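Work through the exercises below with the sequence and the 3D structure at hand. Each task is followed by a solution in steps.

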Amino acid sequence: EAGVALKELLTNRTVILFFFGIFAYVGTEQGIANWTSKFLQEYHGVDPATTGASVISYFWGLLTIGCLLGLLLLKFFDSRYVLLIFTIGAIVALLAALFGSREVALFAFPLTGFFASVMWSIIVSLGLNSVPHHHGTFSGILCSGIAGGAIVPLLIGGLAEVVGLQGAMLLLFGSLGYILSIGFWAKPLVTNETVSLKELMKK
């Protein structure tokens, strides 16, 4: 039974596309978290043990805060719309972090954490909502996408040897671009229920 379900899911194009969505998300998150401190040290002379470490802690802090805000936004907006807005925010913040001044980078890197915060939950829910059967097995396939967290930072490290860290971190725009595309092609069987502000006022 489990083998049949797995075979059925692995031949489903939608399942594979959402697997790569999780792969891209975890790869982006870990790619930023693993290389930010080194980037700040190399390009802005920031001490990785003090300022670098606090930038990373702000990154994780804003990632947590953003999760809570994301849950609230899903009450009012279609999850695909929330994913698009937050992914565009992450792309803009990362551009600013990689090409802005020292002050901009110190602010923009943590901000990428805030914008990345809703991605995991939305990609998983859109994925599960796009397939009618075998949700337990599908969840397992999606969770295996966390391999991106090991592979993407490794690719950045290898590329950095050739083109420099700034150039290597441009790889993250590929993964963010893929996540952005999900907001356009995802076709959930059931969209998340939203409430209008009028309904909320009535309550």
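Two residues are in contact when heavy atoms of one lie within 4.5 Å of heavy atoms of the other. The model used throughout is predicted.

**Exercise 1. Find the helix that holds Leu62, and list its contacts, leaving aside neighbours within four places in sequence.**

Step 1. Leu62 belongs to helix H3.

Step 2. With neighbours within four places in sequence left aside, Leu62 is in contact with Pro110, Leu111, Gly113, Phe114 and Ser117.

Step 3. Take Ser117 from that list. Leu62 and Ser117 are 55 residues apart along the chain, while their C-alpha atoms are separated by 7.7 Å.

Step 4. Leu62 counts as partly exposed because its relative accessible area is 26%, and the partly exposed class lies between 20% and 50%.

**Exercise 2. Decide whether Val55 is buried or exposed, and state what it touches.**

Step 1. Locate the residue: Val55 is in helix H3, which covers residues 48-73.

Step 2. Buried means under 20% relative accessible area. Val55 has 4% relative accessibility, so it counts as buried.

Step 3. Not counting residues up to four places away in sequence, Val55 touches Thr36, Leu40, Leu106, Phe109 and Pro110.

Step 4. Compare a pair by sequence and by space: from Val55 to Ile22 there are 33 residues in sequence and 24 Å from C-alpha to C-alpha.

**Exercise 3. Describe the surroundings of Glu29: what does its side chain meet, and which side chain of opposite charge is nearest?**

Step 1. Glu29 sits in helix H2, residues 13-44.

Step 2. Glu29 is buried and has no salt bridge. The nearest side chain of opposite charge is that of Lys38, 21 Å away. A salt bridge needs a nitrogen and an oxygen within 4 Å, so a pair at a greater distance does not qualify.

Step 3. The side chain of Glu29 does make a polar contact, at 2.6 Å, with the side chain of Tyr25.

Step 4. Leaving aside neighbours within four places in sequence, the contacts of Glu29 are Phe59, Trp60 and Leu63.

**Exercise 4. Count the salt bridges in the whole structure and name the partners.**

Step 1. A search of the whole structure gives 1 salt bridge.

Step 2. Its partners are the side chains of Asp78 and Arg80, with 2.8 Å from N to O.

Step 3. Asp78 is partly exposed because its relative accessible area is 26%. Arg80 is also partly exposed, since its relative accessibility is 22%.

**Exercise 5. Explain why Cys67 and Cys143 form no disulfide.**

Step 1. The structure holds 0 disulfides.

Step 2. For Cys67, the closest cysteine sulfur is in Cys143, 15 Å away, and therefore too far for a bond. The cut-off for a disulfide is 2.5 Å between sulfur atoms.

Step 3. Starting from Cys143, the closest cysteine sulfur is that of Cys67, so the search leads back to this pair.

Step 4. Both residues are partly exposed: Cys67 at 36% relative accessibility, and Cys143 with a relative accessible area of 42%.

**Exercise 6. Set the UniProt "transmembrane region" feature beside the model for residues 15-35 and 55-74.**

Step 1. An unreviewed UniProt entry places this feature at several spans, including residues 15-35 and 55-74.

Step 2. Residues 15-35 are 100% helix and 0% strand, and the end C-alpha atoms are 30 Å apart.

Step 3. Residues 55-74 are 95% helix and 0% strand, with end C-alpha atoms 28 Å apart.

Technical notes:
Residues are numbered from 1 along each chain as its sequence is written. This is a predicted model: local features need pLDDT of at least 70, side-chain atom pairs count only at pLDDT 80 or more; totals for chains, interfaces and linings use all residues. Side-chain values use heavy atoms; hydrogens and water are left out. Helices (H or I, at least four residues) and strands (E, at least two) are DSSP runs, numbered from the N terminus. Buried means under 20% relative accessible area, exposed over 50%, partly exposed in between (1.4 Å probe, protein chains only). Lys and Arg count as positive and Asp and Glu as negative; His and the chain ends are not counted. A polar contact is a pair of N or O atoms within 3.5 Å; within protein, one must be able to donate a hydrogen and the other to accept it, and residues adjacent in sequence count only if both atoms are side-chain atoms. UniProt positions are given in the numbering used here, feature names are shortened, and annotations may be inferred rather than shown by experiment.
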